[in-house]
Amino acid sequence: MADDMRCLQCNESQAAIRATQRLREPLHCGAVDYFGEAEWTAERHRFRDWTDRELIDGFGVKPEFVGLYRRVMSGYEIADEHSARPAPATPEGEQK
Ligand SMILES: [Zn+2]
C-alpha cells in the first residue's frame, strides 16, 4: 500500500488521518467554506474505489461509464452525458 493514499472525499492523506487518530483528535472527513462553516461532512474517510453498484445507484452514473468515476469526489464531477439523472447527485441521493 502506498503511504500517500488520500481520502477520496476530503483529500487528506491516510498518514495524516492516522496520526490525528492516535492523538484522539481525529480529522473528520468533510470540507469547510471560506468562513469556516462546514459545507459537508462524511461519517468516515474513504480510501477504496467506488464499486459499480455505488456509482450506478449512488451517483447515477450510466453503467457504461462507471470506469471513468472510480475516484470521483462529488456528483458535480460527473458529466451530464454520463449521468442517468437530470441533476447532480450525491451518494445518499434519492433513489427510485
Ligand atoms: Zn476524508
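Asparagine 11 is a convenient place to enter this structure, because with 11 other C-beta atoms within 10 Å it counts as exposed. The model is a predicted one, and asparagine 11 sits in the segment before helix α1, which covers residues 14-22. Its backbone deserves a second look, since asparagine 11 has a positive phi of about 70 degrees although it is not a glycine.

From this starting point we can step back to the chain as a whole. The protein chain contains 2 helices and 2 strands, and, read from the N terminus on, these elements follow the order α-β-β-α. Of the 96 residues in the protein chain, 10% are buried. If we take the contacts between residues at least 6 apart in sequence, 30% of them join residues at least 24 apart.

The confidence of the prediction can be read alongside this outline. The average pLDDT of the protein chain is 85, and 86% of the residues score at least 70. Among the elements, α2 has the highest mean pLDDT, at 94, while β2 has the lowest, at 84.

Moving on past α1, we come to the loop between α1 and β1, where arginine 24 lies. Arginine 24, like asparagine 11 before, is a residue to examine for its backbone: arginine 24 has a positive phi of about 60 degrees although it is not a glycine. Is arginine 24 buried or exposed? Arginine 24 counts as exposed, because 6 C-beta neighbours lie inside 10 Å, and the limit for being exposed is 12 or fewer.

Leucine 27 also lies in the loop between α1 and β1, and here the count of neighbours gives another result. With 17 C-beta neighbours inside 10 Å, leucine 27 counts as partly exposed, because this class holds the residues that fall between the exposed limit of 12 or fewer and the buried limit of 20 or more. Which residues does leucine 27 touch, not counting those up to four places away in sequence? They are Glu12, Ala16, Ile17 and Thr20. For glutamate 12, a distance can be given as well: the C-alpha atoms of leucine 27 and glutamate 12 are separated by 8.6 Å, and the two residues are 15 residues apart along the chain.

The two strands come next. Strand β1 (residues 29-32) and strand β2 (residues 38-42) run antiparallel and are joined by 4 bridges. Within this pairing, cysteine 29 has alanine 42 in β2 as its bridge partner, and glycine 30 stands opposite threonine 41 in β2. The two strands form a hairpin with 5 residues between them, and in the turn glycine 36 has a positive phi of about 85 degrees. In a regular strand, the side chains alternate between the two faces of the sheet. As for its surroundings, β2 is hardly covered, for among its 5 residues the count of buried ones is 0.

After the hairpin, the loop between β2 and α2 holds arginine 44. Arginine 44 counts as exposed, because 10 C-beta neighbours lie inside 10 Å. Measuring along the sequence and through space gives two ways of relating arginine 44 to glutamine 9: they are 35 residues apart in sequence, and 9.2 Å apart in space, C-alpha to C-alpha.

The last part of the tour concerns the nonpolar core. The largest nonpolar core has 5 residues, namely Leu55, Phe59, Val61, Tyr69 and Ile78. Leaving out residues up to four places away in sequence, tyrosine 69 touches Trp50, Leu55, Phe59, Val61 and Ile78.

Where does valine 61 lie? Valine 61 is in the segment after α2, the helix of residues 52-59. Valine 61 is buried, because 26 other C-beta atoms lie within 10 Å, and a count of 20 or more is what being buried requires. Leaving aside neighbours within four places in sequence, valine 61 is in contact with Leu55, Ile56, Val66, Tyr69, Ile78, His82 and Ser83. Between valine 61 and arginine 85, which are 24 residues apart along the chain, the C-alpha atoms are separated by 7.9 Å.

How values were computed: Residues numbered from 1 in each chain as written. Predicted model: local features only at pLDDT ≥ 70, side-chain atom pairs only at ≥ 80, totals over all residues. Contact = placed C-beta atoms within 7 Å. Pairing = 2+ DSSP bridges. Core = buried A, V, L, I, M, F, W, Y, C linked by C-beta atoms within 7 Å. pLDDT = per-residue confidence, 0-100.
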